[in-house]
Amino acid sequence: MEAMTKKAFEPQFDLAASRRRANPDAPLLAAARGEKPTRRPVWMMRQAGRSLPEYRQVREGIAMLDSCFMPELLAEITMQPVRRHDADAAILFSDIVVPLKAAGVEIDIVPGRGPVMAEAVRTPEQIAALPEVHREQMEPIAQGISYILEELRDDQVLIGFAGAPFTLASYLVEGGPSKNHETTKALMYSEPETWHELMRALTPTIIRFLQMQLEAGVDAIQLFDSWAGYLTARDYREFVQPYSKQIFDTVRPYGVPMIHFGVGTGELLGDLAVAGPDVLGVDWRVPMDVAAERVNAALADSRLELQQGDQTKALQGNLDPAVLFAGSDAIKRHVSRICAEADNAIDRGLARGHIFNLGHGVLPSTDPDAITRAFEEVHNQ
């Protein structure tokens with residue numbers, strides 16, 4: 001694995017630092033470090049997208065993946081919710097399959113279904129044929145990042161992101177979205193070496209995708225493992241965690257907050273934390289203070305040699321996206337509850353800080369005004 005990482009990309013740490021323009025005291029950065037921010041930071045996963053009429057207007061007639069490689073368009077889409085909701089962070093408009101598409105893998109996003117492969121990847125020969133992504137193939141995205149940085153205030157940060165190896169592998173093996181991931185898990189169980197070959201093939205591409213974003217100037221990164229919640233803790237530790245850990249270990253020298261999130265991962269929160277992020281995203285199924293207890297118990301049991309100050313993680317989350325449909329009173333009540341749970345964890349020394357977010361992503365039919373009200377409620381806490 002070490003040799004693979006060195007081959008994957010030559011990092012440019014100084015370039016990355018010179019292009020970051022957010023104030024170090026920006027609320028999200030302060031919360032991630034465990035300092036008291038000027039206001040509680042909030043952003044929402046999928047905040048840029050179908051819930052916004054301005055998004056539907058600029059995307060009309062343009063395929064999803066095509067829009068991710070159009071610098072001015074991806075910058076405009078990224079900024080739309082930041083302007084509308086006064087978000088403390090922009091999340092780069094992209095998709096977890098973008099690095100595969102950039103590398104030349106035949107993949108498309110089918111409306112109403114999601115990413116679909118031209119051909120499923122399940123054999124050692126197919127894995128060996130997977131292309132690696134290169135800097136020049138991602139240049140339009142880097143250009144788009146430069147446009148976003150020009151428009152953000154210095155107290156707002158830009159978050160880059162990538163899909164984690166397990167989630168990308170599942171799309172490749174299944175050939176598209178899956179309700180049960182049975183073909184993925186069958187490969188894992190019946191041909192473990194083939195599975196590990198696939199994970200070893202994907203990890204450098206994910207690292208390169210994140211390094212490109214960091215060297216273009218993003219202020220933080222998030223690694224999405226959307227489907228990890230379908231795994232047992234035992235399987236996650238054996239088949240997934242080493243590769244996510246490798247990504248965090250490789251990116252850590254860039255010196256930006258690293259966030260990790262998965263859906264339905266309440267039973268895996270501790271294992272996700274041990275993989276090495278600074279901030280752990282929590283979905284809506286687990287109270288924030290309970291999540292902090294699980295994370296700290298896992299870190300204590302992991303026997304990792306953690307440096308002083310790294311014994312706890314900052315938390316991100318975790319409003320149920322459905323609450324945004326329930327009216328102003330419900331939004332206020334649930335925002336207050338979540339902030340209180342997070343503050344309880346911080347006061348008990350179980351969490352470093354809190355970044356407010358949803359427990360998954362904004363649903364397409366959400367009223368944008370409800371999102372704005374939620375942001376206002378968070379900022380009033």
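This passage walks through a predicted model, starting from the annotated binding site and moving out to the pocket, the core and some local backbone features.

The binding site comes from an unreviewed UniProt entry, whose annotation covers R46, Q47, A48, G49, R50, D95, Y171, S226 and H360. These positions are spread over 315 residues of sequence, and in space their C-alpha atoms lie up to 23.2 Å apart. From this set, R46, A48, G49, R50, D95, Y171, S226 and H360 turn up in the lining of the largest pocket.

That pocket has a volume of about 1400 Å³. Its lining runs to 42 residues, and R46, R50, M64, D95 and I109 are the ones nearest the centre. Among the elements that build the wall, α4, β2 and β3 each put in at least two residues.

Now for the individual binding-site residues. R46 sits in the loop between α3 and α4, and its phi is positive, about 60 degrees, although it is not a glycine. With a relative accessible area of 52%, R46 is exposed, because the cut-off for that class is over 50%. R50 belongs to the loop between α3 (27-33) and α4 (53-59), and at 54% relative accessibility it counts as exposed. Leaving aside residues up to four places away in sequence, R50 is in contact with Y55, R56 and P364.

H360 is found in another part of the chain, in the loop between β9 (351-358) and α18 (368-380). Its relative accessible area is 24%, so H360 is classed as partly exposed. With residues up to four places away in sequence set aside, H360 touches M45, R46, F261, V263, W284 and P321. One of those partners, R46, is itself part of the annotated binding site.

The same kind of UniProt record, again an unreviewed entry, lists residues 41-50 and 159-175 under "domain: Uroporphyrinogen decarboxylase (URO-D)". Residues 41-50 are 0% helix and 0% strand, with end C-alpha atoms 23 Å apart. Residues 159-175, on the other hand, are 59% helix and 29% strand, and the end C-alpha atoms of this span lie 28 Å apart.

Back at the pocket wall, strand β2 (residues 107-110) has a covered face made of I107 and I109, while D108 and V110 make up the uncovered one. β2 pairs with strand β3 (residues 114-117) in the antiparallel sense, over four bridges, and I107 stands opposite M117 in β3. Three residues separate the two strands of this hairpin, where G112 takes a positive phi near 85 degrees.

As for the interior, the largest nonpolar core has 134 residues, and I145, I159, W195, L198 and L324 have the most contacts inside it. Helix α12 (residues 192-216) gives the most to this core, with 11 residues. I145 touches L92, L158, M212, Q213, A216, G217 and V218, not counting residues up to four places away in sequence.

Two further backbone details are worth a look. A cis peptide bond, with omega about -10 degrees, joins G317 and N318, and N318 lies in strand β8 (residues 313-319). D86, in the loop between α6 (71-85) and β1 (89-91), has a positive phi of about 60 degrees although it is not a glycine. At 29% relative accessibility, D86 counts as partly exposed.

Definitions and conventions
Residues numbered from 1 in each chain as written. Predicted model: local features only at pLDDT ≥ 70, side-chain atom pairs only at ≥ 80, totals over all residues. Heavy atoms only, no water. UniProt positions renumbered as here; feature names shortened; annotations may be inferred. 1 Å grid on protein atoms, 1.4 Å probe; cavity = no way out; pocket = protein on both sides within 12 Å on 5 of 7 lines; lining within 4 Å. Buried < 20%, exposed > 50% of the residue type's maximum accessible area, 1.4 Å probe, protein only. Contact = heavy atoms within 4.5 Å. Pairing = 2+ DSSP bridges. Core = buried A, V, L, I, M, F, W, Y, C linked by side-chain atoms within 4.5 Å. Points joined across faces, edges and corners; volume = space filled by probe spheres on them.
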